[in-house]
Amino acid sequence: MNKSREEILKDVLNLLEQLAQDWDYQATVNEGTRIFGDLGFESLDAVVLGTAIQEHYKQQMPFAGLLAEIGQREVRDLSVAELVDFIHSHLDRQGIS
Amino acid sequence: MRTLLIGIDGATFHVIDSLIDQGIMPFLGEFCRRGTRSTLRTIIPALTPPAWTSLMTGRPPGHHGVFDFFRLESPESRQIRFATSHDVGCETIWSLASRHGKRVFTLNFPLMYPAPEINGCVIPGWVPWKLLRFACYPSNLFDRLKEVSGLNPRELAMDIKLEEKATEGCRDDEYDDWIRLHIRREENWLRAFRYLMDQEPFDFGAILFDGVDKLQHLCWRFIDPDLAGNLNDWEKRIRDLCLDYFRRLDQILEELCQYVDSDGQTYIASDHGFGPTQDLFHINTWLEKNRYLKWADTGSGGHDTQPALLGVGQVARHTYLMDWDKTRAFATTPTSNGVYLVAEKEDRNGSRYASLLSQIREGLLDVRDTAGERVVTEVWSRDEIFSGPFENLAPDLTLVLRDGGLVSILRSDQILSKRPNVAGAHRPEGIFLAQGKGIRENTRLNERSILDIAPLVLHSLGLDIPSDLEGEVPVGLFGEQWLQSHPVKMGGTTVAQESRQQSEPVMNQEEEEAVMERLRELGYIE
C-alpha cells in the first residue's frame, strides 16, 4: 500500500483541522499554515503530533531529524506543506506496514 | 462497578492523617474506619512514571522498561525521547482484564499514550491538551467528552508550562491561580468519570488524581503539618487554598465510591509518599570536579543563568554542553536521579567499566555538607535494582539523596546548595486503602508493596493471578469467610505487548548530535 502526496496532504489537513477546532483557531488550515507560528504549538506538542502521525500511518518516522532540519533555518518553523513532504518521503521509502 | 481503583499521586499518610484529624477529609476518615489500610512501599526509584507503571503491570522497572518520563533512544545512545505506551514492556491490568472480557476504563494514568485498544475507554494522562483529541480511546470519546456539561478538556490534560512550576517553583502571585487550576482539573476528571459511568456498565474503573503530587512539590511548607505553623497572612491564604483542594478531593472521592456495587471493592493507592527537601545537589558539577565530566566551551561561561533549580525544562542539554572526548559519566534528567556512564556496548562487561562504576559510587557516597554529613545515602548499579530485559536502558547508577530530593543537572559553581524555600520530594512510603465486600473493617496491615496492587485488582475481578506477576494478593485484607468463597487462584501468564524497539529509526552519532543541536535551537530541550 502506498499513498500519494495529495492523499497525505488530505490526511494531514483533516488531522490538523480536527485538532484546531479544539483550540479556538479561526483561520483555515492549509499548506502554508505554520505549525509553531500559526497553530501555537509548543515543542512538546510537536513531539506528540509526530507520535500521532506515526500512529495514523502505523509506521515509525525520524521526527527528531525533521525538527533538527528546522533548527537550521532562519525562521524556525514548519509549514504543513513541509510536514506533508516529510511524511511522503518516508512513506515512499519504507512503505506502509 | 465491581472494582474501582483510585490513584492519588504522591499521597502520604503523614499529610492525609492530619487532614482527617482536622476534619478536612471526613470521607477518607470514614473510608479508613470502614476498611483496611497500610503503607504502600513503592519501587526504586520512587518516581511517578516507573511507579505507576509497576502498579498497573505488577512488574518492576527492569521488566516493564519505564524508568523516567524519558528514555534512551537505544542502549548505546546519548539521546533521550519522551516515553510512550509502546515502551511499556508488560501487560497492564486494564489490558489483562479486557482480554478476559471485562469492561474497563482508565483515566489519567501515565504511559498510556498512544492509548491501547482495550475493551472500554482510555483517557491517558500527561498528554498535552492540544492533542488530547487523538489520545483518547475509542476515537470518538473526545467529541463525546466535549459535550459533557462543565467539562473543559483544556484543563483536563497537561500544559507543560504549568507542570514545570511544581518542581521549579513559581512567583508568589502565581500560586493562587495555579492551585485553583488543580481543583478545577480534578473536577474535570470527576465529570469524565461520571459521564462514562452514566453511559454503560463497567466491571473495572481506574482514575488517577495528580494534583496532590503537584501541590505537595510546590506547597509542601504550607501542607506539611510539621511546618505549617508561624505563617504570615499570604502564606495562610495559600495554605487555606491547599486545604480547599484537599477538601474538594475528599468530596470527589465520596462521589466516586457511590458508583461501586454493593458487592464490589474500592482500592485507593499512591505511587509514592512525600517529605520535605531543601538540598540542591548539582550532580554534573560533582562529576566535573571529580574529572568524570568535562563541559564543552559554550562561549557563555557555561553557567546556567535561568532561574531553574533542577533543570526539568533543560533535559538533554548534555548532548551539546559536554565535551564527549573527555566525559566518562553524566546525568541527563533530574527526574531519574540517574548517572549514565559513557561506555561502548562491548565494554560493559569489562573491568574498566566495573572500576569506573565503583569509583563513582564510592565518591558519591562520600559527598558531604559543611557539617560533614553525607548527602547521598544510597547508590545502586542498574543490575542491583533494574535486573530484567530492559536493564540496558536504565541509568548505570541511581542515587538517593538524604532528603529524598531530585538531583539538579544544571551547571553550578557549587556542588551543594539550598533551595530558597522548603519544597516537597518523593518518599518510598505511599498509601493503600481498601473498602468493600469481604474487606476487614478498621484494620491496619503491615507494609505492602506497590507490586501487590495488580494481583489484588485481578482477584477482585474474579480473575486468576498470572504466575509471572511479582506481587501477591494481600490476603490479610479479607475476612476468612470471604477468602473461602473467593480463594486466590493462580494461572497462566501475562501477554507482553509487541515491542516496537526494533522498528525505530536509528541515527548515527553525527546525526544525533545534529538533531540535538537543532532541538536546542527550537527551544525543545532548553
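How many of the 97 residues of chain A count as buried? The share is 30%. Keep in mind that everything here comes from a predicted model, so let's start with how confident the predictor was.

**Chain A**

Chain A is built from four helices and zero strands, giving the pattern α-α-α-α when you read along the sequence. Its average pLDDT is 80, and 80% of the residues score at least 70. The confidence isn't even along the chain: helix α1 (residues 5-20) of chain A has the highest mean, at 90, while helix α3 (residues 63-71) of chain A has the lowest, at 67. Where pLDDT is low, the predicted coordinates should not be read in detail. As for contacts in chain A between residues at least 6 apart in sequence, 73% of them join residues at least 24 apart.

**Chain B**

Now for chain B, which has 20 helices and 17 strands. Of its 526 residues, 51% count as buried. Take the contacts in chain B between residues at least 6 apart in sequence, and you'll find that 73% link residues at least 24 apart.

**A helix with a buried face**

Let's zoom in on helix α1 (residues 13-21) of chain B. Its buried residues are B:Phe13, B:Val15, B:Ile16, B:Leu19 and B:Ile20. Why do they line one face of the helix? Looking down the axis of α1(B), you'd see the buried residues fall within an arc of 165°, so they line one face. What do they pack against? Their partners in chain B include α2 (26-33), β2 (36-41), α12 (211-223) and β15 (429-436). Just after α1(B) comes B:Gly23, with a positive phi near 80°.

B:Ile16 is worth a second look. Not counting residues up to four places away in sequence, B:Ile16 touches B:Ala11, B:Met25, B:Leu28 and B:Ile431. B:Ile16 is also among the residues with the most contacts inside the largest nonpolar core, a group of 162 residues. Others on that list are B:Leu107, B:Val127, B:Cys242, B:Ala329 and B:Ala454. Helix α11 (residues 175-199) of chain B gives the most to this core, with eight residues. The core also draws at least three residues from each of domain 1 (3-60 + 92-276 + 425-500) and domain 2 (277-423 + 508-522) of chain B. In soluble globular proteins, nonpolar side chains tend to be buried together.

**A small sheet**

Chain B also holds an open sheet of four strands, in the order β10-β11-β13-β12, with antiparallel pairing. β10 and β12 (376-381) of chain B stand at the edges with a single partner strand each, so one side of each has no neighbour in the sheet.

Strand β11 (residues 338-341) of chain B has two bridges to strand β10 (residues 329-330) of chain B, and another two to strand β13 (residues 397-401) of chain B. Here is who stands opposite whom:

| Residue | Stands opposite |
|---|---|
| B:Ala329 | B:Leu341 in β11(B) |
| B:Gly338 | B:Thr398 in β13(B) |
| B:Val339 | B:Leu397 in β13(B) |

Which way do the residues of β11(B) point? B:Gly338 and B:Tyr340 point one way, B:Val339 and B:Leu341 point the other way, and all are buried. And B:Ala329, the residue opposite B:Leu341, is one of those with the most contacts inside the largest nonpolar core.

Key:
Residues are numbered from 1 along each chain as its sequence is written. Chains are lettered from A and ligands numbered from 1 in the order in which they are written. A residue is buried if 20 or more other C-beta atoms lie within 10 Å of its own, exposed if 12 or fewer, and partly exposed in between; C-beta atoms are placed from the backbone. Two residues are in contact if their C-beta atoms, placed from the backbone, lie within 7 Å. pLDDT is the predictor's confidence in each residue, from 0 to 100. Two strands pair if DSSP finds at least two bridges between them. The arc is that of the directions from the helix axis to the C-beta atoms. A nonpolar core is a set of buried Ala, Val, Leu, Ile, Met, Phe, Trp, Tyr and Cys residues joined through C-beta atoms within 7 Å. Domain bounds come from an automatic or database domain assignment.
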